[in-house]
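Trainee: I would like a close look at one part of this protein. Please pick it out from the surface and set it against the rest of the chain.

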Amino acid sequence: SDLYTFTSGTYTVTVGGGGTGGIYNNGNWTNSTNGGNSSITGLTIAIGGGGGGSQHYNGQNGGSGGGGGGGDGILQTTSGGIGTSGQGYNGGIGGQNNGTPNGAGGGGGAGGPGGDDSVSNGYSLSGSGGNGLQYSISGTTQYYAAGGGGFNFTNGPQASGGVGYGGYGSGGNGYQNASGGNGVQGIIIIS
């Protein structure tokens, strides 16, 4: 959301790609990756979002923090990743429900933190993603950088992404016993 002023000249613009979701394969998990940084001629404009934790993994630090991973009935609380001041919020806590498969924390967004996993009516509820922020710098008002929702190991409802989910810079949702969703690439607007 920062504004930068550049003099006339030639610049190299790099738009960060979305991170990849954690991979699930025959009961084994590979952790997710962070989104890429966006920059103009070496000056980092935005830091890529932190990847969400796969089973028993902590969320990763980034522009917004990734949500902590869920578990399979073993109490192993996972922490959310830490967001970058002025850019995004922390991810939510996962794996807090002892004795039953438990959910993951939601990813942090530009407008708010990811939700923690919780329990309701016997179901583990994974954390929702943090909200994105609205800007009209492109000429159209739209949301950017919402966090993805965490995944559940139970048949309870799956969490949703934050308000503005799916816009540029958003995280990917988690899915029950399946690979996580990928993040959305960033954007640099020159006006």
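Mentor: In this predicted model, residues 24 or more positions apart account for 38% of the contacts with a separation of 6 or more. The protein has 191 residues, of which 39% count as buried. There are 11 strands and 0 helices, so the order of elements from the N terminus is β throughout, β-β-β-β-β-β-β-β-β-β-β. About 9200 Å² is exposed, and carbon and sulfur atoms supply 48% of that area.

The part to look at is a nonpolar surface patch of about 610 Å². Its members are Tyr-4, Phe-6, Tyr-11, Val-13, Val-15, Leu-43 and Ile-190.

Take Tyr-4 to begin with. Tyr-4 sits in the segment before strand 1. Its relative accessibility is 36%, and Tyr-4 therefore counts as partly exposed, the class between under 20% for buried and over 50% for exposed. Setting aside residues up to four places away in sequence, Tyr-4 touches Leu-43, Thr-44 and Ile-45. Of these partners, Leu-43 is also listed in the patch. For Ile-45, the separation from Tyr-4 is 41 residues in sequence, while the C-alpha to C-alpha distance is 8.6 Å.

Tyr-11 is another patch member. Tyr-11 too is found in the segment before strand 1, which spans 13-14. With a relative accessibility of 32%, Tyr-11 counts as partly exposed. The patch takes in residues with over 30% relative accessible area, a cut-off that the 32% of Tyr-11 satisfies and that the 36% of Tyr-4 satisfies as well.

For contrast, consider a residue on the other side of the burial cut-off. Ser-54 lies in the loop between strand 5 (43-46) and strand 6 (71-72). Ser-54 is buried because its relative accessible area is 3%, and buried means under 20%. The side chain of Ser-54 reaches the backbone oxygen of Thr-30 at 3.1 Å. Thr-30 is also among the residues in contact with Ser-54 once neighbours within four places in sequence are left aside. The others in that set are Gly-22, Trp-29, Asn-31, Ser-32, Gly-69 and Gly-70.

To put the two views together: Tyr-4 and Tyr-11 belong to the nonpolar patch, with Tyr-4 partly exposed and Tyr-11 partly exposed, whereas Ser-54 is buried.

Methods
Residues numbered from 1 in each chain as written. Predicted model: local features only at pLDDT ≥ 70, side-chain atom pairs only at ≥ 80, totals over all residues. Heavy atoms only, no water. Patch = residues over 30% accessible without salt bridge, like charges linked within 9 Å, V, L, I, M, F, W, Y side chains within 5 Å. Areas by Shrake-Rupley, 256 points an atom, 1.4 Å probe, with all protein chains shown as cover. Salt bridge = Lys/Arg side-chain N within 4 Å of Asp/Glu carboxyl O. Helix = DSSP H or I, 4+ residues; strand = E, 2+ residues; numbered from the N terminus. Buried < 20%, exposed > 50% of the residue type's maximum accessible area, 1.4 Å probe, protein only. Polar contact = N/O pair within 3.5 Å; in protein donor to acceptor, adjacent residues only side chain to side chain. Contact = heavy atoms within 4.5 Å.
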